[in-house]
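Me: Please take a close look at the aromatic ring pairs in this structure. I would like them set in the context of the chain as a whole.

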Amino acid sequence: MRLRTLPVGVSGVLAGCGLAVWQGRFSFVPALLCLFFALSAQIAANFGNEYYDFKNGIDRKGRAGFRRGVTEGDISPRAMKRAMFVSLGVSAVIGCALLYYGGSWLLPAGCAILFFAVAYSAGPYPLSHHGLGDVAVVVFFGLVPVTFTAYLQTGGWYELPVSLALSVAIGLLAANVLVVNNYRDMEDDMAAGKRTTVVIFGRKTMGRAYLLSGIAAMVIMTPLWLRLPMWTWFVPLLYMACHISTWSRLVHAQGSAFNALLGRSAFNLLLFTLLLLGVLVVCRA
């Protein structure tokens with residue numbers, strides 16, 4: 001399930017809830033359903049990544065990253081594939097419940113989300129193998145959860161410029177978690193023919209991209225910061241302090257040290273969204 005990275009899926013939903021609170025339209029049940037949908041879809045994608053990377057010969061035993069159950073023989077490929085489809089089924093059921101709040105047009109959107117959860121690692125053109133994993137993360141961990149979570153609670157696309165700015169920002173911060181993952185696995189991915197952005201552009205360039213993505217995310221959110229009292233600006237400042245600290249360790253890390261930085265990047269994102277949610281609650285009150 002890769003518990004260390006699940007905060008990435010939670011963060012987009014929390015950011016969407018923050019927008020709903022700010023607009024005075026928070027609704028608990030659809031918010032909870034969005035959270036369960038996001039987590040089950042992310043877990044399905046993680047199970048699919050374990051299964052298909054094993055099947056395609058991407059993973060190897062004794063890798064620097066977290067222990068892969070299928071590759072190491074802890075879990076059978078059949079069991080992992082079954083777990084992936086069960087998780088997708090759970091997501092589909094939750095998604096159908098959300099139709100009550102958003103209407104039938106959500107059905108193709110939900111199908112697309114679940115399709116890409118698998119297509120990230122599977123199919124004739126896996127996104128993660130062709131430098132498109134980062135784009136997929138920005139879309140499905142930023143744009144989709146933030147805007148849809150807000151919409152399903154508010155019933156409309158209120159404050160759309162602010163919503164889009166926040167969703168892109170969350171997507172960029174989520175993509176940084178993937179950068180750390182691919183930073184760690186560069187040699188293994190190169191040997192297996194997996195062309196991640198780190199393989200394509202190199203560690204030095206993607207290290208800079210990691211730093212700039214965090215800065216860009218805070219700048220992109222300017223439409224929101226300008227709508228809030230100045231005291232709330234401690235949130236982006238605190239995030240930047242955590243972000244720069246993590247980046248300085250990233251560019252000097254080796255081997256399994258990347259695992260801690262992966263979790264730390266996910267935690268930085270979760271901390272940011274929790275603080276932002278708290279700020280929006282206070283400002284609304």
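**Aromatic pairs in their setting**

Reply: The chain of this predicted model contains twelve helices and zero strands. Read from the N terminus, its order of elements is accordingly α-α-α-α-α-α-α-α-α-α-α-α. The chain has a radius of gyration of 19 Å, close to the 19 Å that the globule rule gives for 285 residues, so it is as compact as a globular protein of that length. The C-alpha trace spans about 55 × 45 × 25 Å along its principal axes.

Burial and contacts complete this background. Of the 285 residues, 55% count as buried. When contacts between residues at least 6 apart in sequence are considered, 77% of them join residues at least 24 apart. The accessible surface of the chain amounts to about 12600 Å², and carbon and sulfur atoms account for 69% of that surface. As to charge, there are 22 positive and 11 negative side chains, with the centres of the two sets 4 Å apart.

Against this background, the structure holds twelve aromatic pairs. One of them is formed by Phe115 and Phe116, with an edge-to-face arrangement in which the ring centres lie 5.2 Å apart and the planes meet at 80 degrees. The two partners fall into separate accessibility classes. Phe115 has 53% relative accessibility, and because exposed means over 50%, Phe115 counts as exposed. Phe116, at 33% relative accessibility, counts as partly exposed, because this value lies between the 20% and 50% limits.

The rings of Tyr239 and Phe272 form another pair: their centres are 5.6 Å apart and their planes stand at 65 degrees, so this pair, too, is edge-to-face; the class requires an angle over 60 degrees. This pair links distant parts of the chain, since Tyr239 belongs to helix α11 (residues 234-250) and Phe272 to helix α12 (residues 257-284), with their positions 33 residues apart in sequence. Both Tyr239 and Phe272 are buried, whereas Phe115 is exposed and Phe116 partly exposed.

Ring pairs also join several residues into a group. Trp105, Phe148, Tyr151 and Trp157 are linked in this way into a cluster.

In summary, the part examined includes an edge-to-face pair of Phe115 and Phe116, an edge-to-face pair of Tyr239 and Phe272 that connects helix α11 with helix α12, and a cluster of Trp105, Phe148, Tyr151 and Trp157.

Terms used: Residues numbered from 1 in each chain as written. Predicted model: local features only at pLDDT ≥ 70, side-chain atom pairs only at ≥ 80, totals over all residues. Heavy atoms only, no water. Helix = DSSP H or I, 4+ residues; strand = E, 2+ residues; numbered from the N terminus. Rg over C-alpha atoms; globule rule 2.2 N^0.38 Å. Buried < 20%, exposed > 50% of the residue type's maximum accessible area, 1.4 Å probe, protein only. Contact = heavy atoms within 4.5 Å. Areas by Shrake-Rupley, 256 points an atom, 1.4 Å probe, with all protein chains shown as cover. Lys, Arg positive; Asp, Glu negative; His and termini not counted. Charge placed at Lys NZ, Arg CZ, Asp CG, Glu CD. Phe/Tyr/Trp six-rings, centres within 6.5 Å; stacked < 30°, edge-to-face > 60°.
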